[in-house]
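Reader: Got a minute? I'd like to go through this structure with you.
Author: Sure, let's bring it up.

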Amino acid sequence: MRNFVYYTPTKVVFGKDTVSQLAALLREQDAKKVLIHYGQGSVVRSGLLDRVKALLQEAGIPFCELGGVVPNPRLSLVREGIGLVRKEGADFLLAVGGGSVIDSAKAIGYGCANDGDVWDFYAHTRQAAACLPVGVILTLSATGSEMSDSSVITKEEGWLKRGYNNNVCRPRFAIMDPQYTETLPPWQTACGCADIMMHTMERYFAKDGAMELTDRLAEGLLRTVMHNARLLLRDPGNYGARAEIMWAGSLSHNGLTGCGSDGGDWVCHRMEHEMGGLWDIAHGAGLCAIWGSWARYTYQHNLPRFYQFATNVMDVPPDPSAQEAVARAGIEATEAFFKEIGMPTSFADLKIHPTEAEIRTLAQKYAAAVGGNAGSAVKIGAAEAAEIYKMAL
C-alpha cells in the first residue's frame, strides 16, 4: 500500500427536496452575489431554474445567470462567464446541472481568481493559485465533478479537450436530489453509469500499490452500478436505483477508490478526450468504445489485476491455472454489459469510421497532451495509442 492523501472538503446534502436548503448553504459560504450557471434548457423545462431563482429572491441574495453549457463544455463560454462575473461583481458560482456545467463553472472560477489566460491551466503551463468558490445542484449522475478536483474543457481552436486537476476547485457544497435525474433519456442515464464505472476502473487497474479495502470498495461500487443500471433499464422511475447511482458517481471520482494505489492508469480517459474533442461524442459512450481495445492491449502486463476484476466484479469462475483465459473472459463480460445497457464497444457502434490520417491525428494529440506517454502497467505513447484506436474500429 502506498502513502496517500485523501481530501474531500465538499459538503454533501443528499436526498429528496434538498434544494430547499440552498439559501442556508449560500449563507454559510458568505455569498454576496451568485452567478447561476447551467446548460441548454433541461433545468428550464423541469422548473428547477425557476425554483433556484425564487429561493435566492426569497433569501435576498442577488444573482446573475449564464446558460448555454454543452456536453464537452467550451472555452469560449468559460471566457464569457469570466467577463460576466467581473462585470456583475459575483463572488460565488452556482452550477445547476451535470458534469459539463460543473466543469465550466470551475474553469470560470479559475479565470476569475487568477490573472492571465485560463487556458494556461488546461495546457498545464502554470498552476492556479485559487478558484472562485463553486456550489452545485446536481442533475446528472456521471462525472463525479461535484466532489472532485478535476475539470475538462474543450478549446474550439484546434478542438483540444484537456483536463486540469487542482484541489482549490473542489465544490464547497453539492445538493444531490436523485429526483432530478428521473427525466433523463435512457441513453444519457447509461452514459452516466458507464462514466461512473470508468472512473473507478481507471483507478482499479493500477500496476501496484493496491490495498485490500480500496479494492473491495471499488469492486462493490462497480457491482452496485451494474445492478442498478439494469434496474433502470426496466424501471426508469426507480428512485432507489437512481439514488444508488448518484452516490456512486460522487464516490467514484472523489479519490476514495484510488487510496493506496499508484493513482491508476487513465489512458482510456486521455484517449477518449481526443475522440470527444474531434467528434464531440458523449464521454461515457466514447470510453466504452475504446475500453475493450485498451484492455486487450494491456491485460498481459497487469494480469493479476485483470484476473481479480474478472472474478470479483464480473463473476467469471476463478481458475488460477488459466489466468489469461479468465482475464479475457472478464473483458468480454464487461463489453457485454456495456452492450446490454446500450453503450457502444467500437467506433463502428458510434457510427464513426476514422481514416488512417484521423487515427494518426488522435494518437499524436493524445501523446502531446500526456507529455509523450501515460499509463500504469504499460506506458502508452503515440504508436501504441494508434494501435489501440485501430483495434477499436
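Reader: What share of the residues is buried?
Author: This is a predicted model. In it, 59% of the 393 residues in the protein chain are buried.

Reader: And how much area does the chain expose?
Author: About 15400 Å². Carbon and sulfur atoms supply 51% of that.

Reader: How many helices and strands are there?
Author: The protein chain has 15 helices and eight strands.

Reader: Why call it as compact as a globular protein of that length?
Author: Look at the radius of gyration, which is 20 Å. The globule rule gives 21 Å for 393 residues. The two values are close, so the chain is as compact as a globular protein of that length.

Reader: What box do the C-alpha atoms fill?
Author: Roughly 70 × 45 × 45 Å, along the principal axes.

Reader: Let's zoom in on S2. Which way do its side chains point?
Author: S2 covers residues 34–37. Val-34 and Ile-36 point one way, Leu-35 and His-37 the other.

Reader: Are those four buried or exposed?
Author: All are buried.

Reader: Which strands does S2 pair with?
Author: One is S3, residues 63–66, parallel to S2 over four bridges. Another is S4, residues 92–97, also parallel, with four bridges.

Reader: What stands opposite Ile-36?
Author: Glu-65 in S3, and Leu-94 in S4.

Reader: New topic: charges. How far apart are the mean positions of the positive and negative ones?
Author: They are 2 Å apart, for 37 positive and 43 negative charges.

Notes:
Residues are numbered from 1 along each chain as its sequence is written. This is a predicted model: local features need pLDDT of at least 70, side-chain atom pairs count only at pLDDT 80 or more; totals for chains, interfaces and linings use all residues. Side-chain values use heavy atoms; hydrogens and water are left out. Helices (H or I, at least four residues) and strands (E, at least two) are DSSP runs, numbered from the N terminus. The radius of gyration is taken over C-alpha atoms; the globule rule is 2.2 Å times the number of residues to the power 0.38. Buried means under 20% relative accessible area, exposed over 50%, partly exposed in between (1.4 Å probe, protein chains only). Accessible areas come from the Shrake-Rupley method with a 1.4 Å probe; for residues, only the protein chains shown count as cover. Lys and Arg count as positive and Asp and Glu as negative; His and the chain ends are not counted. The place of a charge is taken as NZ of Lys, CZ of Arg, CG of Asp or CD of Glu. Two strands pair if DSSP finds at least two bridges between them.
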